[in-house]
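User: I have a structure to study and would like to work through it step by step. Can you take my questions one at a time?

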Amino acid sequence: MAETSGLPLPGPFLDFLEANGLNPAIYTASNSIPRYIRLKPGSESLTEEIEAEMQCKLERVGWLPGFYSLPPQIQIASSQAYKEGKMYGVDAASGAAVLALDVSVGDHVLDLCAAPGAKLCMILDLLGDSGSVTGVDVASHRLAACRTMIQKYGIGDRCRLFVSDGTKFSLIPVKGCWDSTSFQQVNQNWGGDDVFKEWTSRRPWKERKRTAKTRKSSSLKVVAESDHLPELIFYGRNSGVVGLTKSELHQSPPDSEVSGNGYDKVLVDAECTHDGSIRHVQKFEQWGWETLNQRVLNAERTDNLTTLQLNLLRNGFRLLKVGGSLVYSTCSLTVCQNEEVIMRFLAENASAELLEIDAARDWPCRSGSIPKTLRFDPVVSKTSGLFVAKFTKLSP
Ligand SMILES: C[S@@+](CC[C@H](N)C(=O)[O-])C[C@H]1O[C@@H](n2cnc3c(N)ncnc32)[C@H](O)[C@@H]1O
């Protein structure tokens with residue numbers, strides 16, 4: 001086992017790094033990478049209070065609004081600001097992926113691999129009182145954690161969360177119910193069990209059971225049509241869902257309609273081997289390095305992952321409106337999960353164009369091997385590792 005500045009890396013992992021052209025030195029940076037936090041908009045005045053409580057200096061991250069760095073050993077979970085939902089623990093590279101989306105007021109955003117939700121929360125904060133966010137993840141327990149997070153931070157009014165396979169998810173944003181006037185009308189007009197009322201965790205058990213039963217029977221009908229039904233596990237009062245019937249919500253539009261009415265922005269933060277995340281790799285010290293073989297190094301798994309990544313990218317792009325933009329990111333630094341996926345995707349999509357990420361001029365990252373793509377890594381960026389690419393959809 002090779003010792004890399006306190007983090008012992010087993011032979012098979014070193015082989016994996018070598019096979020993928022990755023320098024093990026990135027893992028030596030583990031002790032010098034700061035921890036990052038993001039303050040909820042409106043909580044910026046709390047910095048002195050937070051510094052006093054945590055007994056450390058918060059350094060503003062100049063290139064990333066709302067982000068601060070602090071020494072790596074500081075634990076934020078017990079701090080008052082964190083408990084009160086005024087501070088998020090999120091890496092600066094994750095913030096960069098969201099910034100690359102260039103979210104504008106009123107955008108309808110799809111986050112296709114949303115859980116546990118750090119990026120989704122940032123998107124909701126950027127949108128404030130406008131637009132909507134649709135979060136999708138295949139893992140219900142992880143998406144439930146995301147739901148807990150948006151409730152904790154009180155930002156779920158314009159959000160809906162679906163448990164669904166992101167390679168097949170087909171719902172476009174529901175437009176037209178977002179202002180509070182129409183919400184009130186909808187509230188007065190709803191009737192029947194089939195209509196979505198505002199989601200609340202405090203609904204009586206009987207009502208939740210009835211909803212689940214209705215969902216099951218209505219899902220059978222839809223499954224017959226599409227063989228895949230997304231399960232709605234959270235919807236805020238202005239998500240556009242309240243007042244709709246299940247049949248209305250589950251209508252999948254034809255591709256021609258998506259070009260005009262699809263999402264303005266799509267984030268595909270794809271499942272990956274997580275090898276760029278030092279904190280993730282460090283966890284294998286506790287889990288046992290042998291589990292690394294199954295989760296990271298297994299070649300068959302990597303093949304399946306690259307297929308999944310490509311399919312997620314394809315479907316995210318399908319749901320993007322013409323002129324919209326899509327960001328693809330992974331926390332792997334391997335070429336096969338990043339540049340190769342991008343090349344395969346571009347080769348089959350004449351309407352996809354790689355975009356320069358304008359905001360990145362000041363970012364501490366380097367270019368990927370395809371121009372316009374970006375790579376954050378612990379040594380250069382002092383962040384977790386992340387690959388980022390941005391596309392737009394041209395008219396057919
Ligand atoms: C890198 S994590 C996403 C992190 C998230 N964007 C955040 O900022 O917290 C990848 C996620 O993809 C999800 N995932 C894996 N396969 C999927 C699929 N077929 N469809 C949708 N989500 C999937 C995993 O459950 C996992 O939560």
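Analyst: The questions below go through the ligand site, a pair of helices and some backbone details of this predicted model.

User: How many residues surround the ligand, and which are the closest?
Analyst: A residue joins this shell if one of its heavy atoms lies within 4 Å of the ligand. By that cut-off, 20 residues surround the ligand. The closest are Gly117, Asp137, Arg142, Gly166 and Asp269.

User: By class, what is in the shell around the ligand?
Analyst: Three residues of the shell are polar. Six are charged. The nonpolar ones number 11.

User: Which helices each supply at least two residues of the shell?
Analyst: One of them covers residues 118–127, and another covers 299–318. Their names are α5 and α13.

User: At what distance does a polar side-chain atom of aspartate 137 lie from an oxygen atom of the ligand?
Analyst: A polar contact needs a pair of N or O atoms within 3.5 Å. The side chain of aspartate 137 has a polar atom that lies from a ligand oxygen by 2.7 Å.

User: What about the side chain of arginine 142 and the backbone of proline 116?
Analyst: An N or O atom in the side chain of arginine 142 is 2.7 Å from a ligand oxygen. For proline 116, the partner is a polar backbone atom, and its distance from an oxygen of the ligand is 3.4 Å.

User: How much of the ligand's accessible area does the protein cover?
Analyst: On its own, the ligand has 600 Å² of accessible area. The share covered by the protein is 91%.

User: Is the peptide bond from alanine 115 to proline 116 cis or trans?
Analyst: Proline 116 is found in the loop between β7 and α5. Omega of the bond from alanine 115 is near 5°. The bond is cis.

User: How do α5 and α6 pack?
Analyst: Two packed helices are described by the angle between their axes and the distance between the axes. Here the axes of α5 and α6 are 10 Å apart. The crossing is right-handed. The angle is about 35°.

User: Which residues meet where α5 packs on α6?
Analyst: The contact has seven nonpolar residues, with no polar and no charged ones. From α5 come Ala118, Leu120, Cys121 and Leu124. They meet Cys146, Met149 and Ile150 of α6.

User: What is phi of aspartate 102 and of lysine 372?
Analyst: Aspartate 102 lies in the loop between α4 and β7, and lysine 372 in the loop between β14 and β15. Each has a positive phi in a residue other than glycine. For aspartate 102, phi is near 60°. For lysine 372, phi is near 85°.

Methods
Residues are numbered from 1 along each chain as its sequence is written. This is a predicted model: local features need pLDDT of at least 70, side-chain atom pairs count only at pLDDT 80 or more; totals for chains, interfaces and linings use all residues. Side-chain values use heavy atoms; hydrogens and water are left out. A polar contact is a pair of N or O atoms within 3.5 Å; within protein, one must be able to donate a hydrogen and the other to accept it, and residues adjacent in sequence count only if both atoms are side-chain atoms. Accessible areas come from the Shrake-Rupley method with a 1.4 Å probe; for residues, only the protein chains shown count as cover. Helices (H or I, at least four residues) and strands (E, at least two) are DSSP runs, numbered from the N terminus. Ala, Val, Leu, Ile, Met, Phe, Trp, Tyr, Cys and Pro count as nonpolar, Asp, Glu, Lys and Arg as charged, and the others, Gly among them, as polar. Axes are lines fitted to C-alpha atoms, for helices over the stretch in contact, and angles run from 0 to 180 degrees between N-to-C directions. A crossing is left-handed if the near helix is turned anticlockwise from the far one by less than a right angle, and right-handed if clockwise. Contact means heavy atoms within 4.5 Å.
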